[in-house]
Amino acid sequence: MKDQTAVVTGGSRGIGRAVCLKLASLGANLVINYAGNTEKAEETKALCEAFGVQVVLVAGSVADPAVCETIINTAVKTFGKVDILVNNAGITRDNLMMRMSEEDFDQVIAVNLKGAWNCMKQVSRLMMKQRSGRIINLSSVVGLTGNAGQVNYAASKAGVIGMTKSLAKELGSRGVTVNAIAPGFIDTDMTEVLGEDMKETIQKTIPLGRFGKPEDIANAVAFLAGKDAGYITGQVLQVDGGMVM
Ligand code: NAP
């Protein structure tokens with residue numbers, strides 16, 4: 001990936017950080033977006049720069065179209081192009097339907113679904129003109145199966161799959177691939193909030209017998225972003241230890 005430009009949203013922590021490190025280790029220059037945790041974002045930047053690549057940080061919510069415009073403009077101004085877009089930024093606001101507020105529904109859709117749309121909107125014309133590009137969207141197995149307490153999150157992640165397949169059909173003739181990754185249970189801050197009992201119950205449903213690591217997802221992103229995946233588009237790659245089949 002030497003001399004390629006990758007944009008990763010939500011790259012300060014968790015899966016996003018692992019994705020940044022993997023792409024940096026393969027030689028890609030990076031524009032890394034994050035919501036507000038500047039300390040963690042600076043850490044990710046320094047870790048990536050240790051691989052000898054250039055890194056620019058852009059703070060702000062992907063739910064804001066102006067932020068996504070800035071992210072992509074920054075990439076173009078700094079590196080001249082965008083080869084890879086990884087829509088990773090995501091949040092949860094879990095609650096049963098009876099207790100879920102409209103605000104919790106709207107926020108999750110705004111970040112997870114509209115946020116990915118905002119960035120795809122910004123890169124689509126660019127990648128069409130380049131006649132190349134890789135877009136990788138972070139969905140979730142919950143988008144395939146549903147999950148009690150996650151009506152908002154499951155809707156956003158199922159929506160991401162619909163957008164991925166639709167855009168894959170629109171951009172395929174221009175050499176741009178669009179794929180989704182559906183992680184299972186990955187050890188990050190997002191899943192840290194679950195109680196030990198819940199974690200034990202979930203672990204029993206995973207044939208490989210362990211939770212995933214952020215690096216497990218980063219490896220899949222790197223594959224879909226790399227040249228060996230050039231004939232794969234519109235797909236949902238589950239990386240879940242066999243949790244959902
Ligand atoms: P995480 O540890 O909670 O990290 C979230 C990242 O997203 C942080 O970098 C955060 O930035 C950023 N972020 C949050 N809201 C944002 C916004 N509005 N605009 C821009 N950036 C924002 O999450 P994770 O577990 O790594 O999850 C990454 C992705 O994988 C998400 O899309 C998630 O839904 C998906 N996923 C995760 C799992 C899992 O088990 N962990 C399973 C399936 C799918 P700050 O540091 O600045 O807050």
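**Exercise 1. Find the polar contacts of the ligand in this predicted model.**

Step 1. Start at serine 61: an N or O atom of its side chain is 2.9 Å from a nitrogen atom of the ligand.

Step 2. Move to valine 62. Here a backbone N or O atom lies 3.0 Å from a nitrogen atom of the ligand.

Step 3. Turn to tyrosine 153. An N or O atom in its side chain is 2.5 Å from an oxygen atom of the ligand.

Step 4. Apply the cut-off: a polar contact needs N or O atoms within 3.5 Å, so the pairs at serine 61, valine 62 and tyrosine 153 qualify.

Step 5. Add the cover. On its own the ligand has 910 Å² of accessible area, and the protein covers 93% of it.

**Exercise 2. Describe the site and the shell around the ligand.**

Step 1. Place the ligand: it sits in the largest pocket.

Step 2. List the nearest residues. Of 32 around the ligand, these are Ser12, Arg13, Gly36, Tyr153 and Thr188.

Step 3. Sort the shell by type. It holds 13 nonpolar, 16 polar and three charged residues.

Step 4. Assign elements. At least two shell residues come from each of α1 (14–25), β2 (29–34), α6 (151–171) and α7 (189–192). The largest share, three residues, is from α7.

**Exercise 3. Classify the aromatic pair found in the whole structure.**

Step 1. Count: the search finds one pair.

Step 2. Take the geometry. The ring centres of phenylalanine 185 and phenylalanine 211 are 4.1 Å apart and the planes are at 35°, so the pair is tilted.

Step 3. Locate both partners. Phenylalanine 185 is in the loop between β6 (176–183) and α7, and phenylalanine 211 in the loop between α8 (196–204) and α9 (214–225). They are 26 residues apart, and the pair links distant parts of the chain.

How values were computed:
Residues are numbered from 1 along each chain as its sequence is written. This is a predicted model: local features need pLDDT of at least 70, side-chain atom pairs count only at pLDDT 80 or more; totals for chains, interfaces and linings use all residues. Side-chain values use heavy atoms; hydrogens and water are left out. A residue is near a molecule or strand if one of its heavy atoms lies within 4 Å of it. A polar contact is a pair of N or O atoms within 3.5 Å; within protein, one must be able to donate a hydrogen and the other to accept it, and residues adjacent in sequence count only if both atoms are side-chain atoms. Accessible areas come from the Shrake-Rupley method with a 1.4 Å probe; for residues, only the protein chains shown count as cover. On a 1 Å grid over the protein atoms alone, a cavity is a set of points where a 1.4 Å probe fits but cannot get out, and a pocket is an open set with protein on both sides within 12 Å along at least five of seven lines; lining residues have an atom within 4 Å of a point. A molecule sits in a cavity or pocket if more than half of its atoms lie within 2 Å of its grid points. Helices (H or I, at least four residues) and strands (E, at least two) are DSSP runs, numbered from the N terminus. Ala, Val, Leu, Ile, Met, Phe, Trp, Tyr, Cys and Pro count as nonpolar, Asp, Glu, Lys and Arg as charged, and the others, Gly among them, as polar. Rings of Phe, Tyr and Trp (its six-membered ring) pair if their centres lie within 6.5 Å; planes under 30 degrees apart count as stacked, over 60 as edge-to-face and the rest as tilted.
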